[in-house]
Amino acid sequence: MFKTHRGSVSASELTEAFGKTADLKSEELLLGGFAGKGVTLFYLDGLADPQAIAETVVKPMTDPARFPKELAPAAALELALRGTVYGIAPEKREKTRDVTEDLLSGSCAIIFEAEGAALTFPVPAQEKRAVDLPKEEKVIKGPKDGFVETLSVNSALIRKKLKTPALRFTKLRAGGISGTELYLVYIEGRAPKGLADEVQRRLSEIDGDCVLSAAAISENILESPASPFPRVLVTERPDKFALNLVEGRVGILADGLPMGFLLPAPFSQFMKTPEDDSGHWLFSSFLTLLRYFAFVISSLAPALYVAVAMYHREMIPVQLMQSMVDAKAFVPFPTALEVIGMLAAFDLLHEAGIRLPTPIGQTVSIIGGLIVGQSAVEAKVVSPVVVVVIAFSGIAGYTMPDQDMYSAIRIVRFTLTAAAALMGVYGIALVVSLWIVHLASLDSVGFPYMSPFAGNGGRHILRALLRYPMRKKREREPELGEAYKR
């Protein structure tokens, strides 16, 4: 009645695979309450729930009414697989490697020595962080839930927001040692098929021992990872993740990381926030344009000041020039050194505020900025104009919705300032041209990074700069479908 073929799983092989580790628990089970059946239970302490194992697996398997004495191990295995055991979603495994992967994912394994096979039951431990506010992305108008470190919880958060059977979760695994579980997430019919296939291919080719950080995913699936500009949109907010899926993007969720990754992510996507859909469309459009202006100002302001003060003083009005000369009369350092030094000090204060605990970090950022700026001016180390320019540039950079984009601005800011110190406005023009060429050469999983500003005849530029009224807004981005046609 029950036809099986012998696999290669055994208790000794499984014990040997894990070595002498204290958290691997094993116990011989009395199948149906009778000894001599060659059935062994394995689980990893901390990953599996012992109480759930006892109630849903051990209790029914030791019940003689379910597994009588005369029942052969092969028949017992098939009965357990078909629902005689309470545990849900049992899997039959015939390779030791598959059993170890299930154990590392929070399952328990029942080894049937005579059959060379095992049954695994998912019984993950329930210890996990509760869903809470996003820590890095401030929510003004919107849901107050954020991703956590548990993959199943994150996938459920997306399911609750997108109640459609077209939502797809493809399970992958990355990292030779970490064995991190990944979900490739997309909406069938929305995301171009070529896009989902390309992202899945790149994820499957990740070659590394550990996938335990955001960079381990984003840098491994992108070409030209040396570029400072982000091309993977990282978010802690399930609502932002879901909105991008509706627009036709593909998402990635990783076990152990409280964030989601979205592709493709062109430059324009880093200038948007979910709050743009919460306010009036005119005000949201104004804020979007303001962010583009802030990007330019934050990148160029220090360099323009250096260029004008050192090489092009005729561009400054006489009264302003006189004020700048008076302020700098007793400062012993050249203008370029002043600006670069203040940029470095500003970034040091920024890093100190991030690394220290939140209450102390905020104090250091505020008091440190005031003391350093005021003391430097009073000591005649820097001129007041330099402090104003650096502060204005830094504040403009803080308007970026994405911190990865702000990090890129910091690099651009230094290169432009150095070019201005060497060649004035001509140096700025040269380096800006090089950065524009660099941006135009980038792509995000095959999607042009500067779209819609470059290509498509400029048909979708207004979509990037403005937020259309809800009645006219198209959730699906048309350029995605055009880019991945096959």
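How many Å separate the centres of domain 1 and domain 2, taken over C-alpha atoms? The separation is 33 Å. This is a predicted model, in which local features need pLDDT of at least 70 and side-chain atom pairs count only at pLDDT 80 or more, while totals for chains, interfaces and linings use all residues. Residues are numbered from 1 along each chain as its sequence is written, and side-chain values use heavy atoms, leaving out hydrogens and water.

**Domains**
- The protein is divided into domain 1 (11-122), domain 2 (151-265) and domain 3 (277-441), with bounds from an automatic or database domain assignment.

**Nonpolar cores**
- The largest nonpolar core (buried Ala, Val, Leu, Ile, Met, Phe, Trp, Tyr and Cys residues joined through side-chain atoms within 4.5 Å; buried means under 20% relative accessible area with a 1.4 Å probe, protein chains only) has 65 residues, of which Phe-229, Leu-245 and Tyr-449 touch the most other members.
- Helix H9 (residues 281-310) gives the largest share of this core, twelve residues; helices are DSSP runs (H or I) of at least four residues and strands (E) of at least two, numbered from the N terminus.
- Domain 2 and domain 3 both give residues to this core, so it lies between them.
- A second, separate core of 26 residues includes Leu-182, Val-211, Ile-217 and Ala-254.

**Sheet**
- Five strands form an open sheet in the order E1-E2-E4-E5-E3, with antiparallel pairing (two strands pair if DSSP finds at least two bridges between them).
- At the edges are strand E1 (24-29) and strand E3 (91-93), each pairing on one side only.
- E1 and strand E2 (residues 39-44) run antiparallel and are joined by six bridges.

How values were computed:
Buried means under 20% relative accessible area, exposed over 50%, partly exposed in between (1.4 Å probe, protein chains only).
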